[in-house]
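Work through the exercises below with the sequence and the structure at hand. Try each task before you read its solution.

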Amino acid sequence: MLVISLRKTLFGPEGDFMLETDIEIPKGGVTAVAGPSGSGKTTFLRLLAGLSTPEEGLLQVDGNVWFQGEAGRKPRINLKPQQRKAGFVFQGYALFPHMTVLQNLLYASKDTAMADTLLELTGLNRLAHVKPSNLSGGQKQRVALARALMQQPQILLLDEPLSALDERMKSILQDELLNIHRELGITMLIVTHDSSEIYKLCDRVLVFEKGRISADKTPRELFVERMTTQKFAFKGEILELRSFDAIHIAVIAIGNNLVEVVIDSHELEQLKPGDMVVIGTKAFNPTIRRFESREFDFSKL
Ligand SMILES: Nc1ncnc2c1ncn2[C@@H]1O[C@H](COP(=O)(O)OP(=O)(O)OP(=O)(O)O)[C@@H](O)[C@H]1O
């Protein structure tokens, strides 16, 4: 069980704000950390790893206190990063370029049996003696993952580990992460903006906004249950409304795609170019309605 009750002042572009968390995470869970840019996701992981220091609070992992301190005083307990059993994987792989894959792993711990197990688990055994410059992005990220697991951490912290990879490699590594989680039962926290990744890997999502957790839900609660009457829903912007006789068409930009949706005269009256809309289906007929600002905005994850 992770008990995370921490506070730290952050410097934002619009002034200081408080990163403030009071949560418990059961052992063995996979938790997504999502939210807009600058909301404090990376700092949250850095606080857990000991790479950044809170002003006050308590961090307890499986009964062991890693940080405890009161505001304005020197922390009573503040374990150094190397004393914490936390593995950290960043988007950049941060491998030692002059060392082979195996040497990169053994730098973290001299346990050769563990290195063999992890090379096997991440499918790297045939690349053990290759240097990072000869590896693909996906292979480098596997090495970073295996290295983070060498010290048998209690928690694995992943900061957008797959965001630089193409869709195919991303999917393969997601399966490997699931496999590692099944094999080792390790508690994972993963910063990701990718809703399919959250759905596939995670049992819980913490959405950060300006340093606070604004939503704490399962992926199903966050993504699916608010769309129970619909087959799918995409947010888009109306670029143009056209009419031919009694047929009205809305041209809508959804990400990089343009789609044309036939709308009825009632919908036409409600809409104008520039409106943000949600396009969904009911009984396989597309429906279209104005996006309400209080709705959850998936594009901001
Ligand atoms: N050690 C620090 N002390 C004070 N403020 C910090 C510190 N580190 C980062 N910040 C500020 O905290 C805010 C949140 O940064 P952070 O990197 O945690 O956000 P993020 O949600 O991970 O963003 P992104 O998705 O863009 O990576 C930023 O405004 C940043 O400048």
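The exercises that follow concern a predicted model.

**Exercise 1. Confidence**

Task: State the mean pLDDT of the chain, and find which elements have the lowest and the highest mean pLDDT.

Solution:
- Step 1. The chain has a mean pLDDT of 88, and 92% of its residues reach 70 or more.
- Step 2. Among the elements, the lowest mean, 72, belongs to strand β16 (residues 285–290). The highest, 97, belongs to strand β4 (residues 56–61).
- Step 3. For the complex, the predictor gives an ipTM of 0.95 and a pTM of 0.78.

**Exercise 2. The buried side of α2**

Task: List the buried residues of helix α2 (residues 101–108), and determine how they are arranged around the axis of α2.

Solution:
- Step 1. A residue counts as buried if 20 or more other C-beta atoms lie within 10 Å of its own. In α2 the buried residues are V101, L102, N104 and L105.
- Step 2. Viewed down the axis of α2, these buried residues fall within an arc of 160°, so they line one face of the helix.
- Step 3. A general rule helps here: an α-helix has 3.6 residues a turn, so residues three or four places apart point the same way.
- Step 4. The cover over the buried residues of α2 includes α3 (112–121) and α4 (137–149).

**Exercise 3. The two sides of α3**

Task: Which residues of α3 are buried, and which exposed residues does the face turned away from its buried side carry?

Solution:
- Step 1. A115, L118 and L119 are the buried residues of α3. Around the axis they cover an arc of only 105°, which puts them on the same side of α3.
- Step 2. These buried residues pack against α2 and α4.
- Step 3. The face of α3 turned away from the buried side carries exposed A113 and E120.
- Step 4. Just after α3 comes G123, with a positive phi of about 65°.

**Exercise 4. The ligand shell**

Task: Find which elements give two or more residues to the shell around the ligand, and sort the shell by residue type.

Solution:
- Step 1. The residues around the ligand include F11, G38, K41 and T42.
- Step 2. β1 (2–12) and α1 (41–49) are the elements that give two or more residues to this shell.
- Step 3. Sorted by type, the shell has two nonpolar residues, nine polar and one charged.

**Exercise 5. A hairpin**

Task: Describe how strands β13 (residues 247–254) and β14 (residues 257–263) are joined.

Solution:
- Step 1. The two strands run antiparallel and are joined by seven bridges.
- Step 2. I252 stands opposite V259 in β14.
- Step 3. The hairpin has two residues between the strands, and G255 takes a positive phi near 60° in this hairpin.

How values were computed
Residues numbered from 1 in each chain as written. Predicted model: local features only at pLDDT ≥ 70, side-chain atom pairs only at ≥ 80, totals over all residues. Buried ≥ 20, exposed ≤ 12 C-beta atoms within 10 Å, placed from the backbone. Helix = DSSP H or I, 4+ residues; strand = E, 2+ residues; numbered from the N terminus. Arc of directions from axis to C-beta. Contact = placed C-beta atoms within 7 Å. Near = placed C-beta within 6 Å. Nonpolar A, V, L, I, M, F, W, Y, C, P; charged D, E, K, R; others polar. Pairing = 2+ DSSP bridges. pLDDT = per-residue confidence, 0-100.
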